Amino acid sequence: MLGRMSFSSAERTKMVALFHELGPDAPTLCEGWTARDLVAHLWIRENRPDAAIGFFVPALSSHADSVMTEVRAREFEELVDAWGRGAGRLNPARYIDSILNTAEHFVHHEDLRRANGHTEPRDFSEAVQKELLTPLKVLGLRLLANSRLPIVLEPAGFAPLVVADKHRVAAKGDNVVRVRGAVSELLLWAFGREAAHVEIDGDSSAVAWSSL
């Protein structure tokens, strides 16, 4: 599929099976999206960069919406399998799969799992948690940057991460929001998923999530 079975490619394989099991109308944690919408998004993101940029640039959203409508109309099983095969050999995305998709595949796999009865966190190895730590550090800084108070993320087994630290407080400071949990659950929480299993101490109303 994508060569060595990296975490991102393993998540892809598991998601393909779950898409087929649940069908196109299954709910997801992405508000307003069914499984059909989710797999269309995933396929576009990897295969239609001209449209995928519209997910992030409002001025180009009409083109993204048009392509999304077109892709959603494809036969669901065929679309799932097309996405499951991964990017083609001439597609640069094929060669940066782990960089591009580690967080994306994990979060969207959980969007599908947890909206359909699989609400308990998966038991990941320390190596997987360490791999997910990188996107937590990089994306967490961006996703939580507009929070009113500093956010101290306390991933189990790893050093704390201070986010939205506009006033350069110490990680042990009092006027902060502390969020504890496994790296994987903190990553879900940073993406705004309320289904994440985390413990929060402090004023949670100070947390503000941003889009990437």
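**Exercise 1. Helices α6 and α8**

Task: In this predicted model, determine at what angle the axes of helix α6 and α8 cross and which residues make the contact.

Solution.
Step 1. Helix α6 spans residues 97–114, and the axes of α6 and α8 come within 10 Å of each other, crossing at roughly 85°.
Step 2. Angles of 65 to 115 degrees count as roughly perpendicular. The pair α6 and α8 is therefore described as roughly perpendicular.
Step 3. On the α6 side, the contact is made by A103, F106, V107, E110 and R114, while α8 contributes S184, E185, L187 and L188.
Step 4. Sorted by class, the contact of α6 with α8 comprises five nonpolar, one polar and three charged residues.

**Exercise 2. Helices α2 and α5**

Task: State how α2 and α5 are oriented to each other and of which handedness their crossing is.

Solution.
Step 1. Helix α2 covers residues 35–47 and helix α5 covers residues 76–84; they pack at an angle of about 40°, and their axes are 10 Å apart.
Step 2. Angles under 35 degrees would count as roughly parallel, and 65 to 115 as roughly perpendicular. At about 40°, α2 and α5 are therefore oblique to each other.
Step 3. Their crossing is left-handed.
Step 4. From α2, the residues A35, R36, V39, A40, L42, W43 and E46 take part in the contact; from α5, F76, L79, V80, A82 and W83 do.
Step 5. This contact of α2 with α5 holds 10 nonpolar residues, no polar ones and two charged ones.

**Exercise 3. Helices α2 and α4**

Task: Describe the crossing of α2 and helix α4, and give the residues that meet there.

Solution.
Step 1. Helix α4 consists of residues 61–72, and its axis comes within 9 Å of that of α2, with a crossing of roughly 115°.
Step 2. The crossing of α2 and α4 is right-handed, whereas that of α2 and α5 is left-handed.
Step 3. R36, D37, A40, H41, W43 and I44 of α2 meet V67, M68, V71 and R72 of α4.
Step 4. The classes in the contact of α2 with α4 are six nonpolar, one polar and three charged residues.
Step 5. R36, A40 and W43 of α2 appear in the contact with α4 and also in the contact with α5.

**Exercise 4. The sheet and its helices**

Task: Derive the strand order of the sheet, identify its edges, and state which helices pack on it.

Solution.
Step 1. The sheet is open, and its four strands follow the order β2-β1-β3-β4 with mixed pairing.
Step 2. The edge positions belong to β2 and β4 (199–201), each of which has a single partner strand, so one side of each lacks a neighbour in the sheet.
Step 3. From one strand to the next, the twist averages 20°.
Step 4. Strand β1 (residues 151–155) runs parallel to β3, and five bridges join the two. Within this pair, L153 stands opposite V179, and E154 has R180 as its bridge partner.
Step 5. β3 pairs with β4 in the antiparallel sense over three bridges; here the bridge partner of R178 is D201.
Step 6. Helix α7 (residues 126–143) packs on the sheet and touches β1 and β2, its direction making about 20° with that of β2.
Step 7. Helix α8 (residues 183–190) also packs on the sheet, touching β1, β3 and β4; its direction makes about 150° with that of β1.
Step 8. β3 is mostly covered, since four of its five residues are buried.

**Exercise 5. Charged residues in helix α1**

Task: Decide whether E11 and R12 are buried or exposed.

Solution.
Step 1. Both belong to helix α1: E11 and R12, with the helix running over residues 7–22.
Step 2. The cut-off for a buried residue is under 20% relative accessible area. E11, at 1% relative accessibility, therefore counts as buried, and R12 counts as buried at 0%.
Step 3. Apart from neighbours within four places in sequence, E11 is in contact with H105, F106, H109 and R122. F106 is also one of the α6 residues in the contact with α8.

**Exercise 6. The backbone at A164**

Task: Locate A164 and characterise its phi.

Solution.
Step 1. A164 is found in the loop between β2 (161–163) and β3 (177–181).
Step 2. Most residues other than glycine have a negative phi. For A164, phi is near 60°, a positive value in a residue other than glycine.
Step 3. With a relative accessible area of 12%, A164 is buried.

Notes. Residues are numbered from 1 along each chain as its sequence is written. This is a predicted model: local features need pLDDT of at least 70, side-chain atom pairs count only at pLDDT 80 or more; totals for chains, interfaces and linings use all residues. Side-chain values use heavy atoms; hydrogens and water are left out. Axes are lines fitted to C-alpha atoms, for helices over the stretch in contact, and angles run from 0 to 180 degrees between N-to-C directions. Angles under 35 degrees count as roughly parallel, over 145 as roughly antiparallel, 65 to 115 as roughly perpendicular and the rest as oblique. A crossing is left-handed if the near helix is turned anticlockwise from the far one by less than a right angle, and right-handed if clockwise. Contact means heavy atoms within 4.5 Å. Ala, Val, Leu, Ile, Met, Phe, Trp, Tyr, Cys and Pro count as nonpolar, Asp, Glu, Lys and Arg as charged, and the others, Gly among them, as polar. Buried means under 20% relative accessible area, exposed over 50%, partly exposed in between (1.4 Å probe, protein chains only). Two strands pair if DSSP finds at least two bridges between them.
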